[in-house]
Amino acid sequence: MRLDEPMARHTTLRLGGPADLWARPADPRALQLLLAACHARSIGVSFVGGGSNLLVRDAGIRGVVINLARMNRVWRPDPADPVRVDVEAGATTGRLLQHVTTWELGGLEFLGGVPGSVGGGLIMNAGTYLGEFTKVVTRVHSVHRDGRARTREHAECGFRYRGSDLPPDEIVVGAELRCWPRPRAEIEADVAGLRERRRQREPSGVANNGSTFKNPPGDFAGRIIESVGLKGTRIGAAVVSPVHANWLVVERPGPGVPEARAADLLALIDLVRERVRTETGIQLELEVKIAGEAV
């Protein structure tokens, strides 16, 4: 546990004020005890994964912020069922993909384009054109804020495009997945193709959280934002990327670029949404999650 931990250390945007208390439990039992203690004392609790889809406001987050990075096992629990894979929520998507590739199991190739942790990926049903978590998940394990454990079958999770019905008052601690046999060379070819596509189409060298807005049905948020002339629009260090308009990025401080603030990126998000709504009638929905308090 650490007091007054800067959240800028734990998000890919490198933004955000401090968490009152930052906690990394080592196992599910430690997590349950921590949650039960917070619940008994009416202490607020927040959950943060790999920070790849999170914007924390400049005043930070009150209460306890829990991160499951130490709970990161990936294993096959049943030798008689080699296509079943169990994973803890704190495992990175890269770690999970590495394991299943070694085991020559298909179904998770889409993770080559998805950063962050498995827990966050499950909650938002993360994916790419190669697939989504809903394709492989059979059960999801979680712990309620009062410390009670819960397991949901796939049908109870309500997976949908970049979302799910997994309750916000629970923390996802792991999942059971069902993959299928596939030669390693085929898996690696698909992953390499996905990564090359992302390299060519997406910004690099700037702090970002990937796509800022969800794609509206039958269209692409990036195309819409570009169509209203917002590529390159700047507020402070926050910029609508000139490479991909659905990536609102944060530039490093330097000549003509001030110190980055979450408030600037939030203002840019509001500007983009209002311009798109005014000129096209489309209401863009955020993909990035926003947490914490404003200064």
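**A tour from a small sheet to a pocket**

Start by selecting I235, which stands opposite A238 of strand β16. You are looking at a predicted model, where local features need pLDDT of at least 70, side-chain atom pairs count only at pLDDT 80 or more, and totals for chains, interfaces and linings use all residues. Residues are numbered from 1 along each chain as its sequence is written, and side-chain values use heavy atoms, leaving out hydrogens and water.

Now show β16 (residues 238–240) with β15: they pair in the antiparallel sense over 2 bridges. Strands here are DSSP runs of E, at least two residues, and helices are runs of H or I, at least four, numbered from the N terminus; two strands pair if DSSP finds at least two bridges between them. Add β17 to see an open sheet of 3 strands, ordered β15-β16-β17 with antiparallel pairing. β15 (234–235) and β17 (248–250) are the edges, each with a single partner strand, so one side of each has no neighbour in the sheet.

Next, select I66. Beyond its neighbours within four places in sequence, I66 is in contact (heavy atoms within 4.5 Å) with residues including L31, V45, F47 and I171.

Which strand gives the largest share of the core of 45 residues to which I66 belongs? Strand β13 (residues 170–178) does, with 5 residues. A nonpolar core is a set of buried Ala, Val, Leu, Ile, Met, Phe, Trp, Tyr and Cys residues joined through side-chain atoms within 4.5 Å, where buried means under 20% relative accessible area (1.4 Å probe, protein chains only).

Keep β13 selected and add α1 (28–40): each supplies at least two residues to the lining of the second largest pocket.
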